[in-house]
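Here are my notes on the structure you sent round, set out as numbered points. Please read them with the model open beside you.

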Amino acid sequence: MASLHIDVIKALSEIHPKPSDITFQYGTAGFRTLGSTLDSVLFRVGLLAGLRSKKLDGKTIGVMVTASHNPEQDNGVKIVDPRGEMLEASWEGHATTLSNAPNTEQFIEALNTLIQSTKIDLSRPCNVVYARDTRPSGISLISALEDGFKAIGCSARNAGVTTTPILHYLVRAINTKGTPESYGEDSEDGYYRKLGLAFKKLVSGRPIIQPVLIDCANGVGALAVAKLMEYLGDTIPLVLENISLSTPGALNNACGADYVKTMQKLPPSLMDHLQFGQRGCSLDGDADRLMYYYLDERGQFHMLDGDKIAALVASFIVELVKSSGLENEVKVGVVQTAYANGASTKYLADRLPVKCVPTGVKHLHHAAEHYDIGVYFEANGHGTVIFSPHTQARLAQYQPSTPAQSTALGHLINLTQLINQTVGDALSDMLLVEVVLAHKSYTGVEWDSLYVDLPNRLVKVVVGDRNVFRTENAERRLVSPPGLQQKIEGLVQRYEGGRSFVRPSGTEDVVRVYAEAVVKSQADELAFRVAGLVYDEVGGDLAKRPKEFL
Ligand code: 16G
Ligand code: MG
């Protein structure tokens with residue numbers, strides 16, 4: 001029986017000591033906190049990824065170093081499982097345990113416990129592929145990660161500086177290479193080629209696409225979109241904004257998808273760049289979220305968020321399935337979270353099955369796998385479409401009986417190639433949106449008018465311990481603290497079209513409050529009143545109670 005190379009692990013672990021005053025947690029999106037505190041975490045994640053690969057018989061595991069839409073000084077790391085999906089939930093706990101072992105000795109002990117409890121055969125090979133976004137702290141964090149790979153002795157492929165969705169793509173492409181399920185060439189170029197080719201086929205014969213402005217959040221998306229453009233030819237003119245990768249502090253600062261969604265306005269840097277009626281979109285710092293928008297002729301800002309993307313894309317796919325003659329055997333469904341605008345849920349539920357799940361990509365992705373074609377989007381712009389293996393096989397062998405059926409089938413097959421089915425991908429989603437708009441001859445205005453968003457407001461309340469707040473029913477009801485849910489419902493009843501829910505954040509030490517109502521001022525008021533209830537519940541000091549929490 002092979003064993004760990006204790007001497008090597010010891011020597012390297014001593015170079016990456018755990019800070020004594022920090023407790024780490026592998027949360028919704030992996031580890032995420034100040035980049036300067038993460039050195040030991042990265043080293044340990046290196047070993048963990050290696051062990052995960054051994055556990056899965058040498059399948060390639062992905063490691064992405066990013067803190068997405070967070071400020072530049074933050075960083076983070078997440079592990080990607082062999083099919084390009086998020087790390088299996090039971091291993092999140094192992095990651096947290098390993099990261100918190102106070103010293104080398106206890107770290108090695110924790111490794112041994114993990115190896116025994118999960119029955120890992122150390123003689124198996126291990127393979128990883130890893131990448132980082134453009135954060136300056138990523139450089140040294142990557143070398144800590146590489147020390148971890150060295151310590152466990154795994155073969156590691158460096159995918160360089162790239163987007164999170166490209167890393168997910170690579171993981172699946174590597175693991176399916178040479179099999180009937182082959183996902184594509186296992187290189188970044190292979191990814192661009194696959195998307196570019198599918199896009200060209202899908203828009204061929206459609207009217208010329210007007211230039212789209214892309215806010216790259218001063219992040220890695222700027223590099224990726226520039227490369228993607230080489231493969232798109234002149235099919236779609238893209239204008240890149242916020243591409244300053246070397247300006248300190250510029251990443252995600254007053255720009256990007258998260259800024260647009262939370263502020264519900266145009267990034268100031270785009271003010272004189274976006275023409276009236278022109279479509280613009282914002283990526284986040286690792287290019288897995290996408291928000292669209294346009295300014296109307298009065299200069300008013302219209303946001304087209306993840307819910308609007310879901311509505312556009314799901315309806316299009318339903319139409320294609322119908323036109324191809326497959327509607328009785330291929331069922332399309334949508335997955336959302338409680339944050340989905342009530343108007344979007346109504347629009348979608350009138351047309352197809354809709355499921356609501358807790359926040360976080362892993363929940364949405366897994367629920368979407370239950371449909372033949374599962375469309376999932378979070379309101380914040382993260383989402384994709386997944387086609388079940390059975391559906392893909394059916395599309396490949398189906399014999400259409402009319403030319404119209406044949407055309408629709410061709411479009412569906414090309415969509416399976418255009419869409420990054422491993423995870424939400426801003427680049428692939430942007431092309432997908434443009435394909436649908438081109439097919440429907442929609443501008444932003446027609447797209448926006450599919451339904452009218454209910455006014456809504458999101459606020460956060462800083463609490464001592466967010467773990468006191470527990471939810472059920474896909475985060476739509478609080479079960480703890482006791483009695484609070486009844487008070488919230490009492491308030492909600494007083495507002496026309498009122499809806500509100502409270503949940504602990506998975507990424508910050510805060511509680512989030514969401515409210516919706518028919519009138520904007522009422523949505524704001526409801527949100528602040530519910531926030532006030534939350535604030536009172538946790539015994540907040542009245543003197544410090546924010547004034548707006550009525
Ligand atoms: C993470 C999640 C995102 C979710 C957000 C919620 C992944 C890859 N990302 O960014 O899906 O919307 O957390 O954050 O799962 P919150 O719990 O702080 O509201
Ligand atoms: Mg992101």
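1. Donors to a metal are taken here as N, O and S atoms within 2.8 Å of the metal (3.2 Å for Na, K and Ca), and since water is not among the atoms, sites may look incomplete. On that basis the magnesium ion (ligand 2) has as its protein donors S68 (OG), D284 (OD), D286 (OD) and D288 (OD), at 2.0 to 2.2 Å. Along the sequence these donor residues follow the spacing S-x215-D-x1-D-x1-D. Both D284 and D286 are buried, where buried means under 20% relative accessible area, exposed over 50%, and partly exposed in between (1.4 Å probe, protein chains only).

2. A word on the basis of these values: this is a predicted model, in which local features need pLDDT of at least 70 and side-chain atom pairs count only at pLDDT 80 or more, whereas totals for chains, interfaces and linings use all residues. Residues are numbered from 1 along each chain as its sequence is written, chains are lettered from A and ligands numbered from 1 in the order in which they are written, and side-chain values use heavy atoms, with hydrogens and water left out.

3. Salt bridges, meaning a side-chain nitrogen of Lys or Arg within 4 Å of a carboxyl oxygen of Asp or Glu, number 31 in the whole structure. One of them joins D133 and R135 at 2.5 Å, N to O; D133 is buried at a relative accessible area of 0%, and R135 is buried, likewise with 0%. Another pairs D186 with R157, whose closest N and O atoms are 3.2 Å apart; because D186 lies in the loop between α6 (164-176) and α7, and R157 in strand β5 (residues 155-161), the pair ties together parts 29 residues apart in sequence. Helices (H or I, at least four residues) and strands (E, at least two) are DSSP runs, numbered from the N terminus.

4. E72, in the loop between β2 (60-65) and β3 (74-80), deserves a look, as this residue is buried yet has no salt bridge, the nearest side chain of opposite charge, R135, being 7.2 Å away (Lys and Arg count as positive and Asp and Glu as negative; His and the chain ends are not counted). What does the side chain of E72 reach at 3.0 Å? The partner is the backbone nitrogen of G249, and the backbone nitrogen of L251 lies 3.3 Å from a polar atom of the E72 side chain.

5. V530 lies in helix α18 (residues 520-537) and counts as buried because its relative accessibility is 0%.

Note on methods. Polar contact = N/O pair within 3.5 Å; in protein donor to acceptor, adjacent residues only side chain to side chain.
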